Amino acid sequence: MTVSNHVQVTLSFHPSDYTEFQVAARAAGLDEQSFGVLAIHREAQRALDGKSAGWGAATQPFEVL
């Protein structure tokens, strides 16, 4: 059995945050989808590497919407 590495994610932004997201994607020379994938990948890697102050699975409650 093979496991798919594709997961569908929906991002919801405050209007001004979405504008900033679009600006950042254009500045990076990427479309919005590619920029979102890259941003999630980089932040996840940073969290796993322990570079984010205050990160901890047991100490940070996260709400999944």
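**A salt bridge, a helix pair and a surface patch**

In the predicted model, Arg 46 and Glu 43 form a salt bridge, in which the closest N and O atoms are 3.1 Å apart. A search of the whole structure finds one such salt bridge. The two partners belong to helix α2 and are three residues apart, so about one helical turn separates Arg 46 from Glu 43. Arg 46 has a relative accessible area of 41% and is therefore partly exposed. Glu 43 also counts as partly exposed, because its relative accessibility is 31%, a value between the limits of 20% and 50% that bound this class.

The protein chain contains two helices and zero strands. Helix α1 covers residues 15-28, and helix α2 covers residues 32-48. The axes of α1 and α2 are 9 Å apart, and the helices pack at an angle of about 95°. Angles from 65 to 115 degrees count as roughly perpendicular, and α1 and α2 are therefore placed in that class. On the α1 side, the residues in contact are Tyr 18, Phe 21, Gln 22, Ala 24, Ala 25 and Ala 28. These residues meet Glu 32, Phe 35 and Gly 36 of α2.

A nonpolar patch is found on the surface, formed by Val 7, Val 9, Leu 11, Phe 13 and Ile 40. Together, these residues have about 470 Å² of accessible area. One member of the patch, Leu 11, lies in the segment before α1. Leu 11 has a relative accessibility of 43% and so counts as partly exposed. Patch residues must have over 30% relative accessible area, and the value of 43% for Leu 11 therefore meets this requirement.

For the protein chain as a whole, about 6,000 Å² is exposed, and carbon and sulfur atoms supply 57% of this area. The protein chain has 65 residues, of which 9% are buried.

Definitions and conventions: Residues are numbered from 1 along each chain as its sequence is written. This is a predicted model: local features need pLDDT of at least 70, side-chain atom pairs count only at pLDDT 80 or more; totals for chains, interfaces and linings use all residues. Side-chain values use heavy atoms; hydrogens and water are left out. Patches are made of residues with over 30% relative accessible area and no salt bridge: like charges are joined within 9 Å, nonpolar side chains (Val, Leu, Ile, Met, Phe, Trp, Tyr) within 5 Å. Accessible areas come from the Shrake-Rupley method with a 1.4 Å probe; for residues, only the protein chains shown count as cover. A salt bridge is a side-chain nitrogen of Lys or Arg within 4 Å of a carboxyl oxygen of Asp or Glu. Helices (H or I, at least four residues) and strands (E, at least two) are DSSP runs, numbered from the N terminus. Buried means under 20% relative accessible area, exposed over 50%, partly exposed in between (1.4 Å probe, protein chains only). Axes are lines fitted to C-alpha atoms, for helices over the stretch in contact, and angles run from 0 to 180 degrees between N-to-C directions. Angles under 35 degrees count as roughly parallel, over 145 as roughly antiparallel, 65 to 115 as roughly perpendicular and the rest as oblique. Contact means heavy atoms within 4.5 Å.
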